[in-house]
Each structure stands twice: as C-alpha cells, then as structure tokens.
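Open the model in your viewer, keep the sequence panel beside it, and follow the stops below in order.

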Amino acid sequence: MCDNAHAVGVVEAGISTLRPDGQHRSVPFPWLSTAILFPIGAALLIPFVPDKGDGKQVRWYALGVALTTFLVTVGAYLRGYDPADPGLQLVERVQWLPDLGLAWSVGADGISMPLILLTSFITSLACLAAWPVTFKPKLFYFLLLAMDGGQIAVFAVQDMLLFFLAWELELLPVYLLLAIWGGKKRQYAATKFILYTAGSSLFILLAGLAMAFYGGGAPSFEYTVLAAKEFGTGFQVLCYAALLIAFGVKLPVVPLHTWLPDAHGEATAPVHMLLAGILLKMGGYALLRFNVQLLPEAHAQFAPLLVILGVVNIIYAALTSFAQRNLKRKIAYSSISHMGFVLIGIGSFSALGTSGAMLQMISHGLIGASLFFLVGATYDRTHTLQLDEMGGIGQKMRKMFALWTVCSLASLALPGMSGFVSELMVFVGFATSEAYSLSFRIVISVLAAIGVILTPIYLLSMLREIFFGKENPELVSHSQLVDAEPREIYVISCLLVPIIGIGLYPRLVTDSYRAAIEALVDREAIALVKVGRAPVPAVMAAGAFGTLPPALLHAPALG
Amino acid sequence: MPSASELAWLIPVLPLLGACLTGLGLITFNRTVNRLRKPVALLLITSVGMAAVLSFAILAEQLAGAGGTEVLFDWAGAGSFHLQMGFRVDALGAVMLSLVTTIALLVMVYSDGYMVHDKGYVRFFTYLALFSSSMLGLVISPNLLEIYVFWELVGMCSYLLVGFWYDRDAAANAAQKAFVVNRVGDFGLLLGILGLFWATGSFGFEEIGERLSAAVAGGGLPTGVAVLLCLLVFMGPMAKSAQFPLHVWLPDAMEGPTPISALIHAATMVAAGVFLVARLQPVYEPFPQVQLVIAVIGTITLFLGATIALTQMDLKKGLAYSTVSQLGYMMLAMGCGAPVAGMFHLVTHAFFKAMLFLGSGSVIHAMEEVVGHEPVLAQDMRLMGGLRKHMPITSATFLVGCIAISGIPPLAGFWSKDEILGQAFNSFPLLWAMGFLTAGMTAFYMFRLYFLTFEGPFRGLDAGLRAQLLSAAGQATPESTEDGHHGHASHPHESGWQMAAPLVVLAVPSVLIGLLGTPWNSRFGHLVDPVEAAEVAEHFSWGEFLPLAGASVAISSLGIGLAVLAYALHRIDLGTAVAGRFPAINRFLANKWYLDAINEKIFVQGSRRLARQVLDVDSKVVDGVVNLTGLLTLGSGEGLKYFETGRVQFYALIVFGGVIGLVLLFSAFG
C-alpha cells in the first residue's frame with residue numbers, strides 16, 4: 001500500500017546511495033504508519049472492550065496497545081533506521097489528495113527518531129501511571145492512545161499540511177483530558193490551553209500555506225520540496241516569525257508561557273507526564289525542523305533572539321519556580337526553565353550545542369515525566385499541593401523520599417545523569433560557537449550559569465519543605481502517608497534507567513542523531529555565510545541586539 | 001598481568017558497585033535489606049578495602065619509579081568536538097588514593113560502632129560507599145571536565161550525608177546550604193572551565209597550562225582575561241575547600257553524623273579544592289596575580305577560622321573552624337607556589353584531623369548516653385569535662401591530635417605547617433606574619449578544646465545548665481529532664497573497639513608521618529615532585545630552618561601555655577580578662593564575623609524577595625495581559641455576532657481571500 005519512495009533525504013548525500021540499495025528496505029514493513037495508526041485504531045476499539053466501568057480491564061488493554069506501539073517504534077529503530085545516515089529514512093509515501101498536493105508522507109531522521117521513541121516510551125509509562133483512574137476510564141484511555149498516535153504523527157510526518165493536522169488533532173485529547181479529569185480550575189486551564197495553542201497554530205497554517213504557494217507552480221507541502229525552494233530572505237523572516245510564535249507557545253518561550261502553569265497545575269499525573277514529557281518537545285522539534293531546516297537564513301538572523309529568550313527562560317522561570325508555593329506549578333515553571341537550554345542550543349550554530357539541545361529535550365522528557373509522576377503520587381497521599389501544608393513526610397515515606405531526591409538531583413543537572421550532559425553540551429557548544437562575538441557569549445554564558453545556582457535553590461528547598469524536618473501534625477492527622485508501592489517504583493525506575501544511562505555514556509543517544517544534526521549545522525553555516533554574519537563576530541560586538549532590529553521590525557507585520 | 005595502574009579504574013568502580021547493590025536493595029526490599037546490617041557493612045567495607053589494596057599497590061609502583069598512566073575514551077561529542085573521559089594515575093594521585101581509601105576504611109569501621117543504634121545504618125553505609133567512589137573518581141580524573149563531574153558528585157554525597165538525620169531542621173538547612181554554596185563555587189568553576197576550553201581547546205591540565213601561557217605570550221589573549229579565567233576556576237576550590245567568603249557552609253555541615261565530619265568535612269572532600277589547585281599548578285604558575293589572590297584568600301581564611309574557633313562552645317564546631325583555618329594554610333602554600341608543601345599539609349592534616357573528629361564523635365557518643373540524643377547538649381563542652389578518666393583511649397589520641405595540629409615537633413603537623421610558613425616567609429612576609437600568629441592561636445584553641453572536654457570535673461549532670469543551653473538554642477526543655485536525665489548512664493563510657501581501634505590506628509601516622517617530609521630529605525617531595533624536592537634539599541640550611549622553626553614552636557608553646565593557665569589551672573579568667581574588656585571583639589567572633597547574618601540578609605532574603613516579585617509580575621502582568629486579551633476577544637465576539645449571516649460560503653470566501661492576500665503579500669516581500 002505504500003510505495004517506498006526513493007530516498008529523498010534533505011541532504012541527498014552520497015551516503016544513502018552508497019549503501020547497496022534495499023539492504024535496509026528489503027522488508028517493506030510500514031513501521032511508522034503502523035506506529036501512528038495502530039494506537040489510534042486500537043483506541044477506536046475501546047468501546048468494545050468488556051469493562052465493568054471501573055477501568056480494570058480497559059487499562060490492561062491500553063497498556064498492551066501502548067507497549068505494542070513502543071515495540072513497533074523500537075523495531076523501526078533497530079530494523080529500519082541507520083544512525084549514520086543524515087537523511088530521511090523509513091520513508092512511506094502515498095498520494096492522498098494529489099490536487100491539493102497532499103500526500104501521506106512519513107519518515108524519520110535523526111531529529112525525529114529519538115522523539116518518536118520517547119513518545120511511545122512515555123505514553124506506555126503514562127498508561128501505567130493512570131492505573132488508579134476510575135472516572136470514565138474508557139474515555140480516558142481512548143484519549144491517551146489517540147494522543148499517542150497523534151504525537152508520533154507530529155514527529156514522523158513529512159508534509160506540512162499533515163503536520164498541521166496532527167498538531168491540531170493532538171490538541172483535542174489534551175483539552176478533554178484537562179477539562180474532564182483536571183483539578184478545580186480545570187475549565188479555565190483547558191480553555192486557556194486551547195485558545196493559546198489553537199490560536200498560535202493558525203500561524204503554522206499561514207506560514208505553511210505561504211511556503212507551499214511560494215514561487216508559483218503546483219503547491220506542495222512536503223518538507224523536501226519546501227527545503228529545496230530558494231526563499232527570499234524577507235519572506236523567510238516573515239515565516240520564521242510566524243512559526244516562532246506558534247512553536248514558542250508550545251515550548252514555551254517566556255512571554256508566551258502562561259498557559260503552561262495553569263494546564264500543568266490542573267492536569268492529573270499521567271496527563272502531566274505527557275504534557276511535560278512530549279508536548280513541550282513538539283515545540284523544540286518543530287523549531288529545528290522548520291525554523292532551522294527550512295528557513296536557515298532567517299534563522300541566522302533570529303538566532304541571537306532565540307539565545308536571549310533562552311536565557312530569559314532559564315532565569316525568569318527559575319525565579320518564579322522558587323517563589324511558587326504550589327508543588328505542581330513549581331515543577332511546571334522548572335520545565336520552562338529547562339527548556340531555555342533547548343533554545344540556546346538551537347541558536348548556538350554549533351554541532352555540539354544543537355546536539356545538546358536535542359539531548360536536553362530527551363532528557364527533560366524523561367526527568368520532567370518522572371517529577372510530575374512523583375507529584376501525582378505524592379498528591380494521592382497528602383491531598384494537598386501547597387508546600388506550606390506539607391513537611392516532614394519523609395519519615396513515613398522513605399522510598400518516596402529517595403525517589404524524589406534522585407529525580408530532583410537529575411533535574412538540577414547532577415553529573416552522572418542526562419540533564420548534566422545536555423546542559424554541558426549546550427554550554428560548551430555555545431561558548432565555543434564562532435557565530436557570536438566574544439562579549440555576547442560571555443554575557444549569555446554567565447547568565448545561563450546563574451541558572452546553575454538557581455535550580456538547586458528551588459529544587460532543594462522544595463525537597464526541604466516536603467520531606468525534611470518535623471512531621472506536620474495537621475497533615476499526618478488527616479491523611480494516610482503510605483510509602484511508594486511497587487508500581488510507582490517501577491515507573492520511576494523505567495525512567496531512571498535511561499536518565500542514568502545517558503548520564504554515564506551519552507553517546508548511547510547522541511550517536512543516534514549525530515549525523516542529522518551535523519548535516520543541519522552545515523546548512524546553518526552556509527546560511528550564515530549567505531547572510532554575511534559569519535564568521536565575523538564584529539557585527540555582534542555592539543552587543544546582543546546588533547542584528548535584531550530588522551527581525552523585530554518585520555515580526556509585527558505578520559503578527 | 002596488568003599493572004595496578006592499569007586497573008586504577010576499578011578503585012572507584014568497586015565501592016560504586018557495592019553502593020548500587022545495597023541502594024537498589026533498599027528501594028526494592030527495604031525491610032529485608034535494613035535487617036542485613038552486618039552483611040551490608042561487610043560487603044561495603046570489603047569493596048573499599050579492595051580499593052585500598054589497589055591504591056597501595058599503585059603507590060608502591062609509584063615509589064618504585066613507575067611513570068604516570070593515562071587512559072582516555074570518547075565520552076560525548078558532535079562535529080569536531082570530543083569530550084573525553086578516562087583515568088590517570090601519577091604520584092600525586094597515588095598519594096591521594098591511598099589517603100582517601102585508608103581514611104574511608106577506618107571511618108567505615110568506626111561507623112559500625114557509632115551508628116549502631118541508628119535505624120538508617122544501611123543507608124548510611126550506602127552513602128559512605130557512594131562518597132568513597134565519587135571521591136576516588138575525582139582523584140583519578142585526567143581532565144577538568146571529569147573533575148567537575150566528580151566534584152558535583154561528592155557535593156551530592158555531602159548533601160545526602162549532612163542531611164542524613166533529615167527530621168532535624170538544623171541538618172536539613174545545613175545540607176541545603178552546603179549544596180547551594182558549593183553550587184555558587186561551581187558556577188565559577190564551570191564558567192572557568194568553559195573559558196579555558198574556549199581559550200585553549202583542551203580540558204587537560206598540562207595542555208591548558210602550556211597553551212594558555214603560549215596564547216598570552218603570543219598576544220592572542222590578554223593577560224587580564226587569562227587571570228580572570230584562572231580565578232573563575234579557583235571559585236570551585238574556594239567553595240569546596242571552605243575558603244573565605246564561601247566557607248560558611250562547612251561549620252553548619254557539622255550537623256551530619258560525626259564519622260562524616262571526619263571523612264568528608266575534614267580529611268577528604270574539603271581537601272579536594274586544594275588537590276585541584278595542586279593539579280592546576282601548570283595553569284596558575286605563570287600568573288603571579290593569581291598566585292597572590294590565592295595566597296591572600298588562604299591567609300584570610302586561616303586567620304578567620306582560628307579567630308572564630310577561639311570562642312566556640314560546640315566541640316564539633318570548634319574543630320570545624322579549625323579545619324577552615326588549616327585549609328587556609330594549604331591554600332596559602334598553593335599561593336606561595338609550593339604545592340608540595342600544601343599537599344603534605346593536606347596529608348598530615350587528613351590523618352590528625354580525622355582522628356580528632358573521630359575522637360569528638362567518640363565523646364559525643366559517650367555524652368549521648370548521659371544527656372540523650374540532643375546535639376545541643378551532647379556536643380556542648382560546657383557539659384563535658386573530666387572525660388579522661390572515663391575514656392582513656394579517646395583522650396590520649398585526642399591529645400596526640402592536639403599536639404600534632406599545634407605544631408610541636410616531631411609530630412606530623414610541625415613539619416608540614418613549618419614548611420608552609422617557611423615558603424610564605426620567602427614569598428610574602430606579611431602573610432607569613434598572619435600565619436605565624438595564627439599558629440599560636442591554633443595551639444591555644446586546640447588545647448582549650450582538650451582541657452574543657454577531658455580535664456576538670458564532669459558537668460554533664462547539671463540539670464540547670466542543660467535547661468539553660470536548651471533555652472538558649474530556642475528549644476523547649478524536654479519533660480524527661482525532670483527526672484534528672486533521659487540518658488541511661490550517670491557517667492560516659494569508653495567506646496567499643498570499632499570506634500577505639502581507628503583512633504589508635506590514626507594516631508600512628510599523626511605522630512610519625514611528618515618524618516617523611518623533613519625539609520632536608522623529603523621523601524614525600526621526592527615522590528610528588530622530585531625536581532623541586534631536590535632543589536629544596538640543596539638549598540636547605542640549618543641556619544635558615546632553625547630560627548623559623550624555633551619561632552613557630554615558641555608561639556605554639558605560648559598558645560598552649562595560655563590554654564593551660566586559663567583552662568587547666570584556672571589562673572586567668574579569660575571571660576573577664578578579654579571578653580569582658582573587649583565586648584565588641586568578643587561579639588564579633590561569637591557571631592562568626594557576622595558573615596552568616598550578612599549572608600542571610602542579602603542572599604537568602606534577597607533572592608526570596610526577588611523571586612516573589614518576579615512571580616508577581618508573572619501572574620499579574622504577563623498573565624494579566626493574556627486574560628485581558630481573552631476578555632476583549634469575548635467582548636468583540638459579542639459584537640461580531642450582529643454581523644453573523646450564518647452562511648458558510650461567506651466565511652470560506654473570507655478565509656480564502658485572506659490566504660490569497662497573504663500569499664500576495666509574501667511574494668511581494670520575497
């Protein structure tokens with residue numbers, strides 16, 4: 001059903017043609033289409049699952065489906081994916097609406113493959129985290145599985161219109177999951193979420209249409225076709241600005257972030273894991289895929305802005321997190337802070353920094369998911385999220401204390417865990433980047449390093465308030481502080497294995513996307529020369545804002 | 001058969017495996033593993049013991065003249081960058097390996113006795129093994145990057161161990177403070193490492209040194225920038241080795257169990273900063289400005305530590321400030337360009353200070369039997385006294401430690417401290433004077449500790465004094481004090497063999513190890529830096545050595561004499577003679593130079609206030625704009641309703657027109 005098209009790698013380098021053709025495509029199993037459609041199809045079958053309404057059967061079904069999807073993606077990685085190939089792999093292409101230029105086109109390269117694996121992995125764990133859900137379990141698991149397929153589609157599709165559809169499709173489950181299973185302010189949070197993201201995704205559509213129709217001829221939304229087009233610089237800047245707003249909401253970038261604390265503050269633990277683990281990464285992925293890959297010249301102009309926004313993210317969100325008294329919102333802000341490193345890495349113009357941004361996404365996906373899962377597990381016991389109402393619960397919940405400590409240490413980038421490696425790669429990559437003047441690099445590095453001080457301050461004082469000290473008598477009097485159960489320990493262990501694995505030997509993961517990132521950075525370097533910014537640091541010498549005005553002036557024209 | 005140096009990677013890995021095994025056991029089968037106390041302790045002690053055997057094998061190889069070994073592999077990378085990890089063994093590393101494993105082993109044996117009643121016994125041993133592993137990893141790190149990795153890991157272990165008794169508020173605060181203050185140092189360290197990498201393209205010590213001076217000499221790099229980078233890196237050692245003004249965490253860290261204070265906060269981890277500066281000598285050496293800063297900070301620290309130690313009433317806090325002061329001596333040596341002297345003091349200090357801390361632990365353990373598990377009471381010297389009769393081994397070894405640290409020949413402290421003072425005398429006479437003065441203070445406060453603790457009458461049963469101390473600490477008097485005491489014993493007892501044996505073992509090097517570093521034939525110097533040692537031995541003259549050494553001994557004796565008069569014979573009452581006459585100075589010292597108060601006011605309160613303000617902005621301004629926009633949209637939606645015609649085609653037309661318009665707009669720009 002799918003005609004395995006010729007290798008249409010973005011950089012159609014010799015590598016893919018050197019290989020004896022069909023060696024890894026000899027089994028034309030549609031790995032990616034299966035990974036997308038299987039969970040969605042299985043979700044549609046949920047109404048027929050015999051279940052008494054307490055979710056005891058359907059949860060096994062959902063877990064099975066999620067695990068199968070995970071295995072499919074692992075199979076795709078092992079059987080159909082070659083990490084050394086910088087181009088697009090596992091390509092499947094079916095004409096859908098030829099008149100519109102719409103095709104079912106999926107594929108994976110180094111930027112998307114790790115995130116596809118992350119998605120199916122985190123979703124499986126989210127199913128396990130959703131074990132205690134008893135309110136409308138069928139609908140809950142239906143949405144969870146639909147989201148699984150939708151999110152894999154976001155990372156796997158190779159067509160901008162499809163991307164837009166997948167992006168929108170994934171909003172709906174999140175909206176419902178928030179609005180039905182959320183906390184007290186769930187309606188407000190869900191509405192805010194949908195307004196923010198739906199509003200911003202309009203920009204994706206606009207930019208997509210503009211790029212597809214650019215230059216006349218039959219419109220095509222395929223990434224490869226778009227990448228081959230020679231967009232004018234002004235046009236690139238406009239599209240870039242539009243896309244930056246759209247993806248900046250998702251990532252989130254600081255002035256556009258206020259949906260996140262509300263959404264995260266109201267979501268239940270499994271939804272939380274998905275929000276922090278995967279949804280935020282869609283923003284980072286899309287920035288790499290569209291803004292960097294398709295619009296490199298605009299990226300060369302905008303990158304200083306990205307870097308500055310990244311630093312603002314790190315410090316601003318770390319401070320707000322420190323002042324937050326609500327546990328969920330505290331962790332939510334810490335997510336924002338960590339995503340700042342992704343922005344800096346993307347704007348670094350160095351293979352190491354970009355690679356670090358990619359690793360930070362994966363790493364935060366794992367660490368964020370683990371922290372949010374623990375928040376949920378703690379809330380199940382204390383029935384409060386206010387730090388003032390906790391205290392000393394480490395005495396009854398020692399295992400929980402240990403798990404919290406490990407995950408917090410992972411989050412504050414302790415060496416030996418993945419967060420350290422990714423932040424270090426971003427730091428080293430940015431500090432040695434040729435694209436910026438020395439003074440700019442110094443200022444940014446120093447400011448970003450302040451985040452290194454702020455992160456332990458808010459995370460450790462959080463631990464201090466929850467677990468250390470004397471038991472809070474009021475809390476102990478009305479809640480049962482049971483220690484972590486095996487299921488919870490299992491979920492956290494599953495997350496900790498890759499976290500520590502990456503921390504000890506990062507090449508386990510970085511090698512899987514190294515070639516793609518290097519190709520991407522080569523593209524950036526060419527664009528830098530075109531724009532005339534590199535390697536002339538003198539342009540930036542006046543300070544951070546040397547090249548910003550043109551970009552900033554153009555942005556409102558569209559927005 | 002591979003040589004021991006090639007197997008050096010096993011040294012940190014063995015304790016790590018042990019720690020992982022028991023750690024996993026604790027998480028999965030908590031109750032069972034918690035009951036397996038002795039097997040767990042045995043397993044972990046064995047793993048550290050094996051590491052110790054390997055370390056001594058390596059030391060023997062180094063003594064036999066083997067060269068350094070370095071093994072590297074690619075750890076992470078992208079593009080043309082490679083971040084490398086691996087291990088490296090040389091004389092300096094071999095000395096540190098042997099030192100760390102020896103003390104870790106002794107502390108673990110000691111802990112078996114000290115922690116016997118604690119319900120977290122297994123957890124404690126797991127943390128200990130984890131710490132040993134990280135510390136040993138730090139020692140064999142071949143480059144700055146790997147040092148940074150283990151640097152953070154020992155910091156984490158310190159956090160876990162200081163906060164070991166997490167139900168105590170003081171311990172919880174101290175743990176957090178220790179981590180955050182160390183992160184402030186790491187902030188500089190990280191930036192410095194990044195900067196040096198940018199300037200030289202390397203993380204290796206020698207490579208950085210060569211390329212940095214080459215770049216400065218070639219004019220590619222201004223000297224100021226190079227100095228700045230060196231000083232940034234120095235921030236790391238400043239925090240870790242408790243140098244002014246980042247020393248504030250160390251005295252608080254005494255809230256951790258005493259074996260930890262001995263191992264981490266006296267002998268090994270706090271010395272890591274000194275060790276790093278020694279490793280960085282090739283980088284620092286060409287820049288006299290950097291050396292001067294290091295020497296000055298070391299001097300401020302040694303003076304500050306000693307002055308505060310004069311007034312401390314808490315036995316462990318007194319020892320902690322003494323550690324701060326001694327670390328200052330080591331830094332002074334580094335600043336004088338005498339890393340061998342600094343490292344030698346590190347080694348001797350590690351032995352006698354570990355012994356002193358373990359001795360204080362033995363005292364506290366014994367006091368707890370009488371006054372109960374309350375650190376405010378069990379560690380306060382006002383409740384001690386006369387313990388020599390009850391604890392002969394502890395008091396004898398403690399006395400040895402006091403003599404050693406005071407610098408009385410031929411004990412260890414004399415040789416190492418005198419070497420530092422000699423170097424300082426030649427490089428910075430003013431700093432020497434401070435160090436010299438402080439040597440006298442050291443002798444005084446150490447013997448003050450000794451006399452208050454071990455001589456005179458036992459005051460532990462004085463219920464009134466106890467109540468007074470408790471209320472001074474802001475704690476309610478426990479009810480059990482009404483029936484006299486809530487301990488079980490009327491007088492303290494000597495500790496069991498697990499605790500006594502390490503004290504005795506440590507007493508041996510405290511007495512003798514100094515003889516390996518005599519200035520005329522320094523075997524230590526020959527091992528670590530043969531060239532410099534030969535030079536020192538050549539220039540050695542009794543005429544230079546004797547007056548300086550004599551002066552040191554004289555001022556130490558003066559200090560001891562003063563302590564004897566004041567605390568043993570009670571001839572002078574220092575309370576009225578000095579503290580009464582200069583209340584300002586006394587208050588200044590008792591409040592630890594007001595540094596904690598300043599810290600609290602500016603940094604703790606300041607950051608809290610800033611964070612609250614930012615959150616206010618976030619919720620009121622940023623989110624406010626969003627909500628306002630939402631309201632306005634709702635309003636305009638109401639307005640638009642009247643234009644609603646309900647025809648889908650009309651909307652489609654508008655959307656289509658909009659798209660066309662945008663496309664036209666874009667092509668115009670393109």
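Helices here are DSSP runs of H or I with at least four residues, numbered from the N terminus. With that in mind, select A:Ser355, which is found in helix H14 of chain A, and remember throughout the tour that this is a predicted model.

Is A:Ser355 buried or exposed? Because a residue counts as buried when 20 or more other C-beta atoms lie within 10 Å of its own, A:Ser355, with 32 other C-beta atoms within 10 Å, is buried. Now add A:Phe135 to the selection and draw a distance between the two C-alpha atoms: A:Ser355 and A:Phe135 are 220 residues apart in sequence and 42 Å apart in space.

Next, show the place where the two chains touch, a contact that takes 60 residues from chain A and 45 residues from chain B. On the side of chain A that touches chain B, several helices each supply at least two residues, among them H7 (186–213), H14 (351–382), H17 (438–467) and H20 (507–531). Which helix gives the most to this side of chain A? Select H17(A), which contributes 11 residues. If you colour the residues of this side of chain A by kind, they divide into 38 nonpolar, 16 polar and six charged. For the complex, the predictor gives an ipTM of 0.85 and a pTM of 0.86.

Move to chain B and select helix H19, residues 392–406. At 1.5 Å a residue, its 15 residues should span 21 Å, and the end C-alpha atoms are 21 Å apart, which agrees. H19(B) is mostly covered, since 11 of its 15 residues are buried, including B:Phe398, B:Val400, B:Ile403 and B:Ile405. To see what surrounds them, show helices H16 (339–371), H18 (387–390), H20 (412–427), H21 (429–454), H23 (497–512) and H26 (542–568) of chain B, against which the buried residues of H19(B) pack. Step along the chain to B:Gly407, which follows H19(B) and has a positive phi, near 85 degrees.

Finally, colour chain B by pLDDT, which averages 83 there, with 91% of the residues scoring at least 70. Two stretches deserve a separate selection: over residues 479–485 of chain B pLDDT stays under 50, and the model has nine contacts for them beyond four places in sequence; over residues 644–649 of chain B pLDDT also stays under 50, and the model has one such contact. Where pLDDT is low, the predicted coordinates should not be read in detail.

Note on methods:
Residues numbered from 1 in each chain as written. Chains lettered and ligands numbered in written order. Predicted model: local features only at pLDDT ≥ 70, side-chain atom pairs only at ≥ 80, totals over all residues. Contact = placed C-beta atoms within 7 Å. Nonpolar A, V, L, I, M, F, W, Y, C, P; charged D, E, K, R; others polar. Expected span 1.5 Å × (residues − 1). Buried ≥ 20, exposed ≤ 12 C-beta atoms within 10 Å, placed from the backbone. pLDDT = per-residue confidence, 0-100.
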